[in-house]
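This note is addressed to a colleague who is meeting the structure for the first time. Please have the sequence and the model at hand while reading.

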Amino acid sequence: MARSIGRICKGFQRLGLLSKQTQLIPFTRVPVGTVRTIVTLPSFLFPQPRDFSLPNPSWGSEMTRMYEHYESQCEMETEGGQKGPWRRLPSYNRLLKYATVFPSGGVYLSKMIQSKARLFTRNIRNPGAAFEYVLFVNKEEQKCVCILQAGHLLEGPPGHVHGGAIATMIDTVTGTHATFLSGPVMTANLNINYRRPIPLGSTVLLESCLEKKEGRKTFITCRVTSTDGSKLHTETSALFLSITASHLLGG
Ligand SMILES: CCCCCCCCCC(=O)SCCNC(=O)CCNC(=O)[C@H](O)C(C)(C)COP(=O)(O)OP(=O)(O)OC[C@H]1O[C@@H](n2cnc3c(N)ncnc32)[C@H](O)[C@@H]1OP(=O)(O)O
(Lines give C-alpha, C1' and ligand atoms only; values in the text may rest on other atoms or scores of the structure.)
Protein backbone atom coordinates (compact mmCIF):
# COMPACT_ATOMS: atom_id res chain seq x y z
CA MET A 1 0.00 0.00 0.00
CA ALA A 2 2.89 2.39 0.80
CA ARG A 3 4.11 1.95 -2.78
CA SER A 4 0.63 2.75 -4.13
CA ILE A 5 0.35 5.90 -2.05
CA GLY A 6 3.80 6.95 -3.21
CA ARG A 7 2.72 6.50 -6.81
CA ILE A 8 -0.42 8.59 -6.25
CA CYS A 9 1.77 11.33 -4.74
CA LYS A 10 4.00 11.16 -7.80
CA GLY A 11 0.92 11.85 -9.92
CA PHE A 12 0.22 15.02 -7.94
CA GLN A 13 3.90 16.01 -8.10
CA ARG A 14 3.84 15.77 -11.86
CA LEU A 15 1.10 18.38 -11.85
CA GLY A 16 3.29 20.63 -9.73
CA LEU A 17 0.71 20.39 -6.95
CA LEU A 18 2.89 18.74 -4.28
CA SER A 19 6.51 19.44 -3.47
CA LYS A 20 8.92 16.52 -3.94
CA GLN A 21 10.64 16.65 -0.55
CA THR A 22 7.68 17.09 1.76
CA GLN A 23 5.29 14.49 0.43
CA LEU A 24 7.35 11.50 -0.62
CA ILE A 25 9.69 11.16 2.33
CA PRO A 26 7.26 9.08 4.46
CA PHE A 27 6.89 6.58 1.61
CA THR A 28 10.56 6.28 0.67
CA ARG A 29 12.05 3.04 1.90
CA VAL A 30 15.77 3.71 2.46
CA PRO A 31 17.19 1.67 5.35
CA VAL A 32 18.93 3.77 7.99
CA GLY A 33 22.70 3.86 7.49
CA THR A 34 22.68 2.88 3.81
CA VAL A 35 24.21 4.98 1.06
CA ARG A 36 22.06 5.46 -2.02
CA THR A 37 23.77 4.93 -5.37
CA ILE A 38 22.30 7.01 -8.18
CA VAL A 39 22.66 5.46 -11.61
CA THR A 40 22.05 7.82 -14.51
CA LEU A 41 20.21 6.13 -17.38
CA PRO A 42 19.83 7.60 -20.88
CA SER A 43 16.88 10.01 -20.95
CA PHE A 44 15.33 8.33 -24.04
CA LEU A 45 14.40 5.39 -21.79
CA PHE A 46 12.09 7.74 -19.87
CA PRO A 47 10.41 9.99 -22.41
CA GLN A 48 8.76 13.06 -20.90
CA PRO A 49 4.96 12.95 -20.98
CA ARG A 50 3.29 15.56 -23.19
CA ASP A 51 2.42 18.78 -21.40
CA PHE A 52 -1.00 19.63 -22.87
CA SER A 53 -0.96 23.19 -21.58
CA LEU A 54 1.64 24.36 -24.08
CA PRO A 55 0.63 26.12 -27.33
CA ASN A 56 -0.30 23.97 -30.34
CA PRO A 57 -1.32 24.91 -33.92
CA SER A 58 -5.06 24.68 -33.08
CA TRP A 59 -4.84 27.70 -30.79
CA GLY A 60 -6.51 30.79 -32.24
CA SER A 61 -5.13 34.32 -31.96
CA GLU A 62 -7.07 35.17 -28.77
CA MET A 63 -5.98 31.98 -26.97
CA THR A 64 -2.37 32.66 -27.98
CA ARG A 65 -2.55 36.33 -26.99
CA MET A 66 -3.93 35.53 -23.53
CA TYR A 67 -1.38 32.72 -23.06
CA GLU A 68 1.48 35.10 -23.91
CA HIS A 69 0.07 37.69 -21.51
CA TYR A 70 0.02 35.29 -18.53
CA GLU A 71 3.25 33.57 -19.53
CA SER A 72 4.98 36.97 -19.45
CA GLN A 73 3.56 37.46 -15.91
CA CYS A 74 5.25 34.19 -14.92
CA GLU A 75 8.60 35.49 -16.13
CA MET A 76 8.34 38.76 -14.21
CA GLU A 77 10.54 39.23 -11.15
CA THR A 78 9.85 41.26 -8.02
CA GLU A 79 11.96 44.34 -7.24
CA GLY A 80 14.19 42.20 -5.03
CA GLY A 81 14.96 39.91 -7.97
CA GLN A 82 12.70 37.13 -6.66
CA LYS A 83 10.43 35.07 -8.88
CA GLY A 84 6.99 36.69 -9.24
CA PRO A 85 3.76 35.13 -7.91
CA TRP A 86 2.43 33.73 -11.22
CA ARG A 87 3.14 30.18 -12.31
CA ARG A 88 1.85 28.08 -15.21
CA LEU A 89 0.64 24.61 -14.20
CA PRO A 90 1.63 21.78 -16.54
CA SER A 91 -1.16 19.38 -17.56
CA TYR A 92 -0.90 15.69 -18.43
CA ASN A 93 -3.52 13.21 -19.53
CA ARG A 94 -2.55 10.43 -17.09
CA LEU A 95 -2.68 11.59 -13.49
CA LEU A 96 -2.69 8.10 -12.02
CA LYS A 97 -0.40 6.28 -14.41
CA TYR A 98 1.62 5.11 -11.45
CA ALA A 99 -1.18 4.03 -9.11
CA THR A 100 -1.47 0.27 -8.79
CA VAL A 101 -4.69 0.20 -6.79
CA PHE A 102 -7.65 2.52 -6.88
CA PRO A 103 -11.17 2.06 -5.59
CA SER A 104 -14.21 1.88 -7.81
CA GLY A 105 -17.26 1.13 -5.69
CA GLY A 106 -14.97 -0.80 -3.35
CA VAL A 107 -13.52 -2.88 -6.19
CA TYR A 108 -9.91 -2.33 -7.22
CA LEU A 109 -9.46 -1.31 -10.85
CA SER A 110 -7.97 -3.90 -13.13
CA LYS A 111 -4.59 -3.31 -14.74
CA MET A 112 -6.41 -3.00 -18.09
CA ILE A 113 -8.60 -0.14 -16.85
CA GLN A 114 -5.62 1.59 -15.21
CA SER A 115 -3.64 1.45 -18.43
CA LYS A 116 -6.54 2.98 -20.37
CA ALA A 117 -7.46 5.66 -17.80
CA ARG A 118 -7.13 9.23 -19.09
CA LEU A 119 -8.00 12.62 -17.64
CA PHE A 120 -11.48 13.44 -18.97
CA THR A 121 -10.53 16.89 -20.30
CA ARG A 122 -7.42 15.67 -22.13
CA ASN A 123 -8.69 12.52 -23.83
CA ILE A 124 -9.54 13.77 -27.33
CA ARG A 125 -6.58 13.36 -29.65
CA ASN A 126 -7.55 15.90 -32.30
CA PRO A 127 -6.00 19.23 -31.10
CA GLY A 128 -8.55 22.02 -30.86
CA ALA A 129 -11.59 19.70 -31.11
CA ALA A 130 -12.59 19.89 -27.45
CA PHE A 131 -10.95 21.44 -24.38
CA GLU A 132 -7.87 23.54 -25.11
CA TYR A 133 -6.86 25.15 -21.85
CA VAL A 134 -4.02 26.31 -19.68
CA LEU A 135 -4.00 27.20 -15.98
CA PHE A 136 -1.97 29.85 -14.20
CA VAL A 137 -1.88 30.25 -10.42
CA ASN A 138 -1.05 33.32 -8.41
CA LYS A 139 0.29 32.27 -5.01
CA GLU A 140 0.06 35.71 -3.41
CA GLU A 141 -3.50 36.51 -4.45
CA GLN A 142 -4.55 32.85 -3.98
CA LYS A 143 -6.26 32.89 -7.34
CA CYS A 144 -6.13 30.79 -10.46
CA VAL A 145 -6.84 31.80 -14.05
CA CYS A 146 -7.66 29.39 -16.86
CA ILE A 147 -7.71 30.34 -20.54
CA LEU A 148 -10.13 28.06 -22.38
CA GLN A 149 -10.71 27.66 -26.11
CA ALA A 150 -13.87 25.59 -26.52
CA GLY A 151 -13.75 23.30 -29.57
CA HIS A 152 -16.52 22.08 -31.91
CA LEU A 153 -17.03 18.73 -30.10
CA LEU A 154 -18.37 20.57 -27.04
CA GLU A 155 -21.61 21.66 -28.65
CA GLY A 156 -24.79 21.77 -26.55
CA PRO A 157 -27.33 24.29 -27.83
CA PRO A 158 -26.65 25.00 -31.52
CA GLY A 159 -23.38 26.90 -31.93
CA HIS A 160 -22.78 27.11 -28.19
CA VAL A 161 -20.95 25.15 -25.50
CA HIS A 162 -22.74 22.36 -23.60
CA GLY A 163 -23.53 23.21 -19.96
CA GLY A 164 -21.93 19.93 -18.84
CA ALA A 165 -18.72 20.82 -20.65
CA ILE A 166 -18.71 24.20 -18.90
CA ALA A 167 -19.29 22.47 -15.55
CA THR A 168 -16.45 20.07 -16.33
CA MET A 169 -14.05 22.95 -16.86
CA ILE A 170 -15.25 24.73 -13.73
CA ASP A 171 -14.73 21.53 -11.70
CA THR A 172 -11.28 21.10 -13.26
CA VAL A 173 -10.16 24.65 -12.56
CA THR A 174 -11.61 24.98 -9.05
CA GLY A 175 -10.52 21.39 -8.21
CA THR A 176 -6.96 22.02 -9.33
CA HIS A 177 -6.94 25.33 -7.47
CA ALA A 178 -8.28 23.70 -4.29
CA THR A 179 -5.63 20.96 -4.58
CA PHE A 180 -2.96 23.63 -4.98
CA LEU A 181 -4.22 25.38 -1.82
CA SER A 182 -5.17 22.42 0.37
CA GLY A 183 -3.58 19.23 -1.01
CA PRO A 184 -5.72 16.26 -2.12
CA VAL A 185 -9.46 17.14 -2.19
CA MET A 186 -12.72 15.98 -3.73
CA THR A 187 -15.58 18.12 -4.99
CA ALA A 188 -18.47 18.00 -2.50
CA ASN A 189 -20.63 20.71 -4.06
CA LEU A 190 -20.71 22.80 -7.25
CA ASN A 191 -23.37 25.50 -7.52
CA ILE A 192 -23.40 26.95 -11.03
CA ASN A 193 -25.46 29.83 -12.41
CA TYR A 194 -25.41 29.98 -16.22
CA ARG A 195 -25.86 33.65 -17.20
CA ARG A 196 -24.95 33.86 -20.90
CA PRO A 197 -24.12 31.12 -23.48
CA ILE A 198 -20.54 30.60 -24.65
CA PRO A 199 -20.10 30.54 -28.46
CA LEU A 200 -18.33 27.41 -29.78
CA GLY A 201 -14.75 28.15 -30.80
CA SER A 202 -14.49 31.19 -28.56
CA THR A 203 -11.84 31.79 -25.93
CA VAL A 204 -12.98 32.60 -22.40
CA LEU A 205 -11.38 33.12 -18.99
CA LEU A 206 -12.18 31.13 -15.85
CA GLU A 207 -11.10 32.98 -12.70
CA SER A 208 -11.08 30.96 -9.51
CA CYS A 209 -10.65 32.65 -6.10
CA LEU A 210 -10.29 31.27 -2.59
CA GLU A 211 -13.26 32.38 -0.54
CA LYS A 212 -12.30 30.73 2.76
CA LYS A 213 -10.86 27.63 4.38
CA GLU A 214 -12.54 26.02 7.38
CA GLY A 215 -10.94 22.82 8.64
CA ARG A 216 -11.22 20.24 5.84
CA LYS A 217 -13.42 22.55 3.76
CA THR A 218 -12.08 24.79 0.99
CA PHE A 219 -14.62 27.20 -0.47
CA ILE A 220 -13.86 28.54 -3.95
CA THR A 221 -15.70 30.90 -6.28
CA CYS A 222 -15.29 30.90 -10.04
CA ARG A 223 -16.43 33.27 -12.81
CA VAL A 224 -16.35 32.50 -16.52
CA THR A 225 -16.10 35.69 -18.59
CA SER A 226 -15.09 36.89 -22.03
CA THR A 227 -11.35 37.58 -22.22
CA ASP A 228 -11.90 41.34 -21.85
CA GLY A 229 -14.12 40.72 -18.82
CA SER A 230 -17.12 42.52 -20.34
CA LYS A 231 -19.42 39.46 -20.59
CA LEU A 232 -20.23 37.22 -17.63
CA HIS A 233 -21.02 33.66 -18.77
CA THR A 234 -21.25 31.73 -15.49
CA GLU A 235 -20.82 32.20 -11.74
CA THR A 236 -20.02 29.32 -9.41
CA SER A 237 -19.47 28.61 -5.75
CA ALA A 238 -17.75 25.33 -4.96
CA LEU A 239 -16.93 23.29 -1.87
CA PHE A 240 -14.01 20.88 -1.71
CA LEU A 241 -13.28 18.51 1.15
CA SER A 242 -9.75 17.44 1.99
CA ILE A 243 -9.29 13.71 1.73
CA THR A 244 -6.63 11.29 2.90
CA ALA A 245 -4.96 8.56 0.91
CA SER A 246 -7.12 6.02 2.75
CA HIS A 247 -10.24 7.72 1.28
CA LEU A 248 -8.80 7.18 -2.22
CA LEU A 249 -7.82 3.62 -1.42
CA GLY A 250 -11.31 2.77 -0.19
CA GLY A 251 -10.33 2.69 3.48
C1 LIG B 1 -5.12 17.29 -9.41
C2 LIG B 1 -6.37 17.61 -10.01
C3 LIG B 1 -6.42 17.57 -11.52
C4 LIG B 1 -7.73 17.25 -12.04
C5 LIG B 1 -8.77 18.22 -11.60
C6 LIG B 1 -10.10 17.58 -11.63
C7 LIG B 1 -10.81 17.87 -10.33
C8 LIG B 1 -12.05 17.06 -10.32
C9 LIG B 1 -12.52 16.91 -8.89
C10 LIG B 1 -13.69 15.98 -8.92
O11 LIG B 1 -14.48 15.99 -9.81
S12 LIG B 1 -13.85 14.91 -7.59
C13 LIG B 1 -15.18 13.85 -8.20
C14 LIG B 1 -16.53 14.33 -7.82
N15 LIG B 1 -16.69 14.25 -6.38
C16 LIG B 1 -16.98 13.09 -5.80
O17 LIG B 1 -17.13 12.06 -6.39
C18 LIG B 1 -17.10 13.15 -4.29
C19 LIG B 1 -18.08 12.14 -3.77
N20 LIG B 1 -18.32 12.40 -2.34
C21 LIG B 1 -17.47 11.93 -1.42
O22 LIG B 1 -16.54 11.18 -1.67
C23 LIG B 1 -17.71 12.39 -0.02
O24 LIG B 1 -19.06 12.77 0.15
C25 LIG B 1 -16.80 13.58 0.37
C26 LIG B 1 -15.31 13.17 0.31
C27 LIG B 1 -17.03 14.81 -0.51
C28 LIG B 1 -17.13 13.97 1.81
O29 LIG B 1 -17.19 12.81 2.58
P30 LIG B 1 -16.55 12.76 4.02
O31 LIG B 1 -17.00 11.50 4.66
O32 LIG B 1 -15.09 13.00 3.93
O33 LIG B 1 -17.17 14.03 4.74
P34 LIG B 1 -18.49 14.08 5.64
O35 LIG B 1 -19.67 13.55 4.95
O36 LIG B 1 -18.13 13.52 7.00
O37 LIG B 1 -18.68 15.66 5.80
C38 LIG B 1 -17.64 16.46 6.36
C39 LIG B 1 -18.20 17.88 6.45
O40 LIG B 1 -18.45 18.36 5.11
C41 LIG B 1 -19.83 18.69 4.94
N42 LIG B 1 -20.25 18.26 3.62
C43 LIG B 1 -20.02 17.06 3.01
N44 LIG B 1 -20.57 17.02 1.79
C45 LIG B 1 -21.16 18.24 1.61
C46 LIG B 1 -21.90 18.81 0.56
N47 LIG B 1 -22.12 18.14 -0.56
N48 LIG B 1 -22.35 20.05 0.71
C49 LIG B 1 -22.13 20.76 1.85
N50 LIG B 1 -21.41 20.26 2.90
C51 LIG B 1 -20.96 19.02 2.78
C52 LIG B 1 -20.54 17.88 6.02
O53 LIG B 1 -21.78 18.48 6.36
C54 LIG B 1 -19.53 17.97 7.15
O55 LIG B 1 -19.59 19.26 7.72
P56 LIG B 1 -19.34 19.51 9.29
O57 LIG B 1 -17.92 18.97 9.53
O58 LIG B 1 -19.42 21.00 9.46
O59 LIG B 1 -20.39 18.75 10.01
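The points below move from the whole chain to its helices, its ligand shell and individual residues.

1. Overall make-up. The model is a predicted one. Its chain holds 6 helices and 9 strands. Of the 251 residues in the chain, 24% are buried. Among the contacts with a separation of 6 or more, 67% join residues that are 24 or more positions apart.

2. The annotated region. The UniProt record, an unreviewed entry, lists residues 159-231 as "domain: Thioesterase". Across residues 159-231 the chain is 27% helix and 44% strand. The C-alpha atoms at the two ends of that stretch are 17 Å apart.

3. Helix α3, its length and its buried side. This helix spans residues 61-75, 15 residues in total. From its first C-alpha to its last it reaches 21 Å, close to the 21 Å expected at 1.5 Å a residue. M63, M66 and Y67 are the buried residues of α3. They lie on the same side of α3 because they cover an arc of only 105° around the axis. In general, an α-helix has 3.6 residues a turn, so residues three or four places apart point the same way.

4. Helix α3, its cover and its opposite face. The buried residues of α3 are covered by elements including β4 (131-138), β5 (143-150) and β7 (203-214). On the face turned away from the buried side, the exposed residues are S61, E68, S72 and E75.

5. Helix α5. With 20 residues, α5 reaches 27 Å from its first C-alpha to its last, close to the 28 Å expected at 1.5 Å a residue. Its buried residues include A165, I166, M169, I170, T172 and V173. Further along α5, T174, T176, H177, A178 and F180 are also buried. G183 follows α5 and has a positive phi, near 80°.

6. The shell around the ligand. Which residues come nearest to the ligand? Of the 15 residues around the ligand, they are G175, M186, T187, A188 and N189. Two or more residues of the shell are given by each of α5 (163-182), β6 (185-194) and β9 (232-242). The largest share, 5 residues, comes from α5. By character, the shell divides into 7 nonpolar, 6 polar and 2 charged residues.

7. Residue S91. This residue sits in the loop between β1 (86-89) and β2 (103-104). Is S91 buried or exposed? S91 is buried, because 23 other C-beta atoms lie within 10 Å. Leaving aside neighbours within four places in sequence, S91 is in contact with D51, F52, S53 and R122. S91 and M66 are 25 residues apart along the chain, and their C-alpha atoms are separated by 17 Å.

8. Residue Q142. The loop between β4 and β5 contains Q142. Its phi is near 50°, a positive value in a residue other than glycine. As a general rule, most residues other than glycine have a negative phi. Q142 is partly exposed, with 17 other C-beta atoms within 10 Å. A reader checking the backbone may wish to view Q142 in the loop between β4 and β5 together with G183, the residue that follows α5.

Definitions and conventions
Residues numbered from 1 in each chain as written. Predicted model: local features only at pLDDT ≥ 70, side-chain atom pairs only at ≥ 80, totals over all residues. UniProt positions renumbered as here; feature names shortened; annotations may be inferred. Helix = DSSP H or I, 4+ residues; strand = E, 2+ residues; numbered from the N terminus. Expected span 1.5 Å × (residues − 1). Buried ≥ 20, exposed ≤ 12 C-beta atoms within 10 Å, placed from the backbone. Arc of directions from axis to C-beta. Contact = placed C-beta atoms within 7 Å. Near = placed C-beta within 6 Å. Nonpolar A, V, L, I, M, F, W, Y, C, P; charged D, E, K, R; others polar.
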